[in-house]
Amino acid sequence: MDLRTVVRAIPDYPHPGIMFRDITTLLGDAAAFRQAVEELAAPYLGAGVDKVAGIEARGFILGGAVAHQLSAGFVPLRKKGKLPFHTHAADYELEYGRDEIEMHLDAVQPGERVLLIDDLIATGGTARAAVRLLQYFGRAEIIGAAFVIDLPDLGGSALLREDGVAVHTLIGFEGA
Ligand code: AMP
C-alpha cells in the first residue's frame, strides 16, 4: 500500500500556513500500521540494535512497535518535566522560542547501539536534539534514525545526515 494515502493532511493546524500530517489515520488502519512498522524496522533486522529511542508522543507508538519487532529495549525521550528519575536534557529551537527533551540518565549505557524513531522529520530540530542527548550524555552509538514521513523542503533529514546519522524515511511530502 502507498502509505501516503493513509496520512491525513490538515491545513493551517496548529498555525496558519502549516500543513499538519496526521498519522492517526495510518495508525488506525491495521494493514498500514503493520506495514509502517515493518518498513521502519527492515534495515535494522540483524543489526544488533540494543535500544530504540522514541520521541514523545507519536514516536512512542511507532518506536515501541519497532523495538518489539527488533527484540530491543525502548527508551522514551520526553518533553521537559515528565520523567520521574534524574534526567539529562537537550534544548532545540521551535518556530517560536525553544523547547527541551529529556532522557533518564541511566536509559542507555555507553556503547549501546540505539535506533532513533519518530513519526516525522521537518526542520530536524527535535531529532538532532535527541541525537545529542543519546550521543553526548548517553555515549550511545546511533546506528540510524527512522521516520515515517520526511518533509525534505524543511531540510531536517539533510542536516541529520550532515551530522553523520544514517536516515531512513518511508514517504515524503513537498512543502512545509
Ligand atoms: P522538527 O523538529 O521541525 O523536525 O519537527 C518534528 C516534530 O514535530 C515531530 O515530532 C513531528 O511529529 C512534529 N511535526 C513537525 N511538523 C509537523 C507537521 N507538518 N505535521 C505533523 N507533525 C509535525
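Me: Two strands count as paired if DSSP finds at least two bridges between them. This model is predicted, so to start: in which sense do β3 and β7 pair, parallel or antiparallel?

Reply: Strand β3 covers residues 51-55, and four bridges link β3 to β7. One of the pairs joins glycine 54 to isoleucine 117 of β7. The sense of the β3-β7 pairing is parallel.

Me: Okay, which strands stand at the edges of the sheet?

Reply: Let's walk across the open sheet, which has seven strands in the order β5-β6-β4-β3-β7-β8-β9, with mixed pairing. An edge strand here has a single partner, so one of its sides is left without a neighbour in the sheet. That fits β5 and β9.

Me: By how much are neighbouring strands of this sheet turned against each other on average?

Reply: Take the seven strands of the open sheet, from β5 to β9. Ignoring direction, the average turn between neighbours is 20°.

Me: Cool. At about what angle does α4 run to β5?

Reply: Helix α4 spans residues 125-137 and lies across β3, β4, β5, β6, β7 and β8. Its angle to β5 is about 150°.

Me: And which element gives the most to the largest nonpolar core?

Reply: That core has 29 residues, and Leu26, Val52, Val66, Leu70 and Leu115 touch the most other members. At least two residues each come from α1, α2, α3, β7, β8 and β9. With five residues, the top contributor is α2.

Me: How many residues are in the second, separate core?

Reply: Its members include Ile101, Ala129, Leu134 and Leu160. The count for this second core is 26 residues.

Notes. Residues are numbered from 1 along each chain as its sequence is written. This is a predicted model: local features need pLDDT of at least 70, side-chain atom pairs count only at pLDDT 80 or more; totals for chains, interfaces and linings use all residues. Side-chain values use heavy atoms; hydrogens and water are left out. A nonpolar core is a set of buried Ala, Val, Leu, Ile, Met, Phe, Trp, Tyr and Cys residues joined through side-chain atoms within 4.5 Å. Buried means under 20% relative accessible area, exposed over 50%, partly exposed in between (1.4 Å probe, protein chains only). Axes are lines fitted to C-alpha atoms, for helices over the stretch in contact, and angles run from 0 to 180 degrees between N-to-C directions. Contact means heavy atoms within 4.5 Å.
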